[in-house]
Amino acid sequence: MNPHNPLHDPSVVYLRAVLGARLARLRSDEERDRGASAIEWAIITAILALLAITIGAVITRKVTDKANTINTG
């Protein structure tokens, strides 16, 4: 496991779990009768998840880069 892979970050793992639960709920018959279709919700949720992963990766990279510039000698 690569420690610098943002997909293994605990917040990303949590987000993926929430997304999986949401998609399972969207696939149920009850959800199809309410508001937007399941596919619309899945697309919206996927876009938000991608945005969160991207922001998390950028923040992680910036913090890591800054931490690597600290002189510990």
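What covers the buried residues of H3? A few notes follow for anyone opening this one for the first time.

1. First, a word on what you are looking at. This is a predicted model, and the protein averages a pLDDT of 81, with 85% of the residues scoring at least 70. Confidence is not even along the chain: helix H2 (residues 29-32) is where it is lowest, at a mean of 59, while H3 is where it is highest, at 91. Keep that in mind when you look at H2, given its mean of 59.

2. The overall layout is quick to describe. You will find 3 helices and 0 strands, and reading from the N terminus the elements go α-α-α. Of the 73 residues, 10% count as buried.

3. Now for H3 itself, which covers residues 38-68. Does its length agree or disagree with what 31 residues should span? At 1.5 Å a residue, the helix should span 45 Å, and its end C-alpha atoms sit 44 Å apart, so the two figures agree.

4. Back to the opening question. The buried residues of H3 are Ala42, Thr45 and Ala49, and what covers them includes H1. The next points look at how H1 and H3 sit against each other.

5. Two packed helices are described by the angle between their axes and the distance between the axes. Here, helix H1 (residues 10-27) packs with H3 at an angle of about 175°, and the axes are 10 Å apart. Anything over 145 degrees counts as roughly antiparallel, which is why H1 is roughly antiparallel to H3.

6. Which residues meet in this pairing? On the H1 side they are Val12, Leu15, Leu19, Arg22, Leu23 and Leu26. On the H3 side they are Ala38, Trp41, Ala42, Thr45, Ala46, Ala49, Ala52 and Ile53. Sorted by type, the residues of the H1 contact with H3 come to 12 nonpolar, 1 polar and 1 charged.

7. Thr45 deserves a closer look. It lies in H3 and is part of the contact with H1. Is Thr45 buried or exposed? Its relative accessibility is 14%, and the cut-off for buried is under 20%, so Thr45 counts as buried. Leaving aside residues up to four places away in sequence, Thr45 touches Leu19 and Arg22, and both of those are among the H1 residues that meet H3.

8. Trp41 is another H3 residue in the contact with H1. With 32% relative accessibility, Trp41 counts as partly exposed. Its C-alpha is 8.3 Å from that of Leu23, although the two are 18 residues apart in sequence. Leu23 is on the H1 side of the contact.

9. Two further H3 residues are worth finding on the model. Glu40, found in H3, has 40% relative accessibility and so counts as partly exposed. The C-alpha atoms of Glu40 and Leu26 are separated by 9.8 Å, with their positions 14 residues apart along the chain counted as the separation. Thr54 also has its place in H3, and at 42% relative accessibility Thr54 counts as partly exposed. Thr54 and Val12 are 42 residues apart along the chain, and their C-alpha atoms are separated by 10.0 Å.

Note on methods: Residues are numbered from 1 along each chain as its sequence is written. This is a predicted model: local features need pLDDT of at least 70, side-chain atom pairs count only at pLDDT 80 or more; totals for chains, interfaces and linings use all residues. Side-chain values use heavy atoms; hydrogens and water are left out. Helices (H or I, at least four residues) and strands (E, at least two) are DSSP runs, numbered from the N terminus. Buried means under 20% relative accessible area, exposed over 50%, partly exposed in between (1.4 Å probe, protein chains only). Contact means heavy atoms within 4.5 Å. Axes are lines fitted to C-alpha atoms, for helices over the stretch in contact, and angles run from 0 to 180 degrees between N-to-C directions. Angles under 35 degrees count as roughly parallel, over 145 as roughly antiparallel, 65 to 115 as roughly perpendicular and the rest as oblique. Ala, Val, Leu, Ile, Met, Phe, Trp, Tyr, Cys and Pro count as nonpolar, Asp, Glu, Lys and Arg as charged, and the others, Gly among them, as polar. The expected span of a helix is 1.5 Å times one less than its number of residues. pLDDT is the predictor's confidence in each residue, from 0 to 100.
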